[in-house]
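Please open the structure in a viewer and keep the selection tool at hand. The tour below proceeds stop by stop, stating at each one what to select and what is to be found there.

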Amino acid sequence: MAEITLENVTYVYGKGAPYEMRALDDVSLTFRAGEITGLIGHTGSGKSTLVQMLNGLLKPDSGRVLLDGKDIWEDPKQIQQIRFQVGLVMQYPEYQLFDETVEADIAFGPKNMGMDPEKIREAVKRAAQFTGLRPELLKKSPFDLSGGQKRRAALAGVMAMEPAVLVLDEPAAGLDPGGRREILGRIREYQQKSGANVIIVSHSMEDMALYCDRVLVMENGRLVMSGTPAQVFSRAEELIAVGLDVPQITRVARALRDAGVDIGLDIYTVKFAAHRLLSGREAHEG
Amino acid sequence: MKADIAFGQYYEGNSFLHRLDPRWKILFVIFYIVIIFLAKNIFSFALLILSAIFLTLISRIPLRTILRGLRPLVFIIFFTAIINIFWLKGDTVLVDWWIIHIYLEGLINALLIVVRVVILVAGTSILLTYTTTPIALTDGLERLLSPLAKIHLPVHEFSMMMTIALRFIPTLVEETEKIMNAQKARGADFSTGSLVRRAKALIPILIPLFISAFRRAEELATAMECRCYTGGKGRTRMNILHSSWRDVAALLALCALCAGVVLLNIFAPGYALAL
Ligand SMILES: Nc1ncnc2c1ncn2[C@@H]1O[C@H](COP(=O)(O)OP(=O)(O)OP(=O)(O)O)[C@@H](O)[C@H]1O
Ligand SMILES: [Mg+2]
């Protein structure tokens, strides 16, 4: 169990200054355990701000953040414990690397948790494998890695803590298509194996459609839509109105409908579209 | 952008003071400081206070902002006041108890010194840092010092370094915050434990910060070279500084203030500053 609930959370950057910015405006939602939730929204819509609420990096100006029904700010001194349960991979995580070797850097989180050395070694190995870091890279300095490898190392640094809630702010940005599928596939595996609560921020509608059980849409610091990918992506007009898009295959389905072949608008993966088309043909022929 | 860093004092605006030529403004501030130190008795101090109020009004900066800028000084002001109250001897005894002797002269002296410090800080920051962008400031400084280039002092290089440093302070602050957050997310703890432990806890922040600062410096150097930067020689400017009637008016006002302070010092009787 690791359910996170936001209750009427509001957050303002630079309060009182001329450039005051209301980044979150009365947001209420729940991230359920055992699900992968996708968070989408235009640049500057408040996604990164929201995910930093979840592990207490930012404190709401008003409203509450609940982890399994308990306010995470009940005892501000215990916020570190919350951070061990809610693992957050920041938007540009490669800047967090600092230690002499990749291995030592990945071990930073588990060490802070007070795990014993034997367990740490195992956790590091598992995390490295999970993120596709080859064993020989573990002995290298993190500064000698390529951009994509750095990103994997940073991801491993959080994965090694094996958090019950895993929050990823654009984990796949900057990776090659193969690496992207690999990482997201592994994240899904982790979620299915551990029953963790996984939250992914992404700009790729395709990734969201493929990997998420639920999609939330943000605009100007507010939650404007939520539902299964089918529900959300069938509202293409509204998505486009908030500066987003739908997966390409959903657009194909729309074009087909406009051309007189209606296979439904709740289509968001190629597989599902093929299935609909084929069953449609069978019905037509039979 | 971050709000509360000392360099970010500039307050966006378009007042009389904002529109003064930065070269002149630097000279004006020096002049103003001299005037502040010329004031000797309560009447000339009263005139100084009026001038500071006048500056605040024409700068159109909210009083709250200016007071907030004084907050770091509260301790120093308090300390100087206490020392002056207790140490200065005079004729009129106010309190005489055990080892504590307070004289009227000491009290007034403390008051005048506090006023001097406050006007010194508030006045100069209104005249200069609140109303001049850091870039305009270094620009003005470079122009003022440009005669020194004749004797081969690297005036342009110095000002370019200042400009770059100022430009990157907010960036570095932002970056520090990001790195701190990333390490906090991995359970780093900067606020508990012994001094040694806390110092050690800074390593995961400082290393990435230095590396990225070096990387940035290198990238900036490359970018400048790509745009054919070769130093100050023969370089023309995008923003040419112009003096205007405002600068003349400001100069006259300051001269009048200076004359007023000197005359009041000489002709008005009253408690004089002992220090
Ligand atoms: N440290 C900060 N100080 C002031 N304003 C900020 C800060 N961080 C973010 N903001 C502002 O808050 C708003 C929300 O920012 P946020 O980073 O949450 O957006 P985002 O949805 O993650 O965008 P992106 O997709 O580009 O990552 C933006 O308008 C941004 O300018
Ligand atoms: Mg973001």
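Which residues are linked with A:D25 in a network of salt bridges? Select A:R22 and A:R222 together with A:D25: these are the members of that network. Please bear in mind throughout that this is a predicted model.

**First stop: the magnesium ion**

Select ligand 2, the magnesium ion, and then display its protein donors, A:S48 through atom OG and A:Q91 through atom OE1. These donors lie 1.9 to 2.3 Å from the ion. Follow the chain from one donor to the other: A:S48 belongs to helix α1 of chain A, residues 47–54, whereas A:Q91 sits in the loop between β6 (86–89) and α3 (102–106) of chain A. The two are 43 residues apart, and the pair thereby links distant parts of the chain.

Are these two donors buried or exposed? Neither term applies, because A:S48 has 22% relative accessibility and counts as partly exposed, and A:Q91, at 23%, likewise counts as partly exposed.

**Second stop: the contact between chain A and chain B**

Colour the two chains separately and select the residues at their contact. Chain A contributes 23 residues and chain B contributes 21. About 1800 Å² is buried between chain A and chain B, and carbon and sulfur atoms give 61% of that area. On the side of chain A, select A:Y95, A:Q96 and A:F98, the residues that lose the most area to chain B. Together they account for 29% of what that side buries.

Next, look for the polar links across this interface. Six residue pairs are found in polar contact between chain A and chain B. On the chain A side, α2 (79–85), α3, α4 (108–113) and α6 (147–159) each supply at least two of the residues that touch chain B. By class, that side of chain A holds 13 nonpolar, eight polar and two charged residues.

**Third stop: the salt bridge between the chains**

How many salt bridges are counted between chain A and chain B? The count is one. Select A:D105 and B:R186, whose side chains meet in a salt bridge with an N to O distance of 3.1 Å. Over all chains, the count of salt bridges comes to 22. The pair crosses from helix α3 of chain A, where A:D105 is located, to the loop between α7 (155–185) and α8 (195–201) of chain B, where B:R186 is located. Both A:D105 and B:R186 are buried.

**Fourth stop: two salt bridges within chain A**

Select A:E118 and A:R121. These residues form a salt bridge, and their closest N and O atoms are 3.7 Å apart. Both lie in helix α5 of chain A, three residues apart, which is about one turn of the helix. A:E118 is partly exposed, with a relative accessible area of 47%.

Then select A:E238 and A:R235, whose side chains meet in a salt bridge at 2.9 Å, N to O. A:E238 counts as partly exposed at 38% relative accessibility, and A:R235 is also partly exposed, with a relative accessible area of 31%.

**Fifth stop: A:M115 and its contacts**

Select A:M115, which is placed in the loop between α4 and α5 (117–130) of chain A. Its relative accessible area is 23%, so A:M115 is partly exposed. Which residues does A:M115 contact, leaving aside its neighbours within four places in sequence? They are A:P110, A:I120, A:A123 and A:A160. For a distance to display, choose the C-alpha atoms of A:M115 and A:K125: these residues are 10 apart along the chain, and the atoms are separated by 14 Å.

**Final stop: two positive phi angles**

Most residues other than glycine have a negative phi. Select A:N8, which has a positive phi of about 45 degrees although it is not a glycine. A:N8 is found in strand β1 of chain A, residues 4–13, and is partly exposed with a relative accessible area of 43%.

Finally, move to chain B and select B:R60. Here, too, the residue is not a glycine, yet phi is positive, at about 55 degrees. B:R60 is placed in the loop between α2 (42–59) and α3 (63–70) of chain B. At 65% relative accessibility, B:R60 counts as exposed.

Terms used: Residues are numbered from 1 along each chain as its sequence is written. Chains are lettered from A and ligands numbered from 1 in the order in which they are written. This is a predicted model: local features need pLDDT of at least 70, side-chain atom pairs count only at pLDDT 80 or more; totals for chains, interfaces and linings use all residues. Side-chain values use heavy atoms; hydrogens and water are left out. Donors are N, O and S atoms within 2.8 Å of the metal (3.2 Å for Na, K and Ca); water is not among the atoms, so sites may look incomplete. Helices (H or I, at least four residues) and strands (E, at least two) are DSSP runs, numbered from the N terminus. Buried means under 20% relative accessible area, exposed over 50%, partly exposed in between (1.4 Å probe, protein chains only). Contact means heavy atoms within 4.5 Å. Buried area is the accessible area (1.4 Å probe) that two parts lose on being put together, summed over both. A salt bridge is a side-chain nitrogen of Lys or Arg within 4 Å of a carboxyl oxygen of Asp or Glu. A polar contact is a pair of N or O atoms within 3.5 Å; within protein, one must be able to donate a hydrogen and the other to accept it, and residues adjacent in sequence count only if both atoms are side-chain atoms. Ala, Val, Leu, Ile, Met, Phe, Trp, Tyr, Cys and Pro count as nonpolar, Asp, Glu, Lys and Arg as charged, and the others, Gly among them, as polar.
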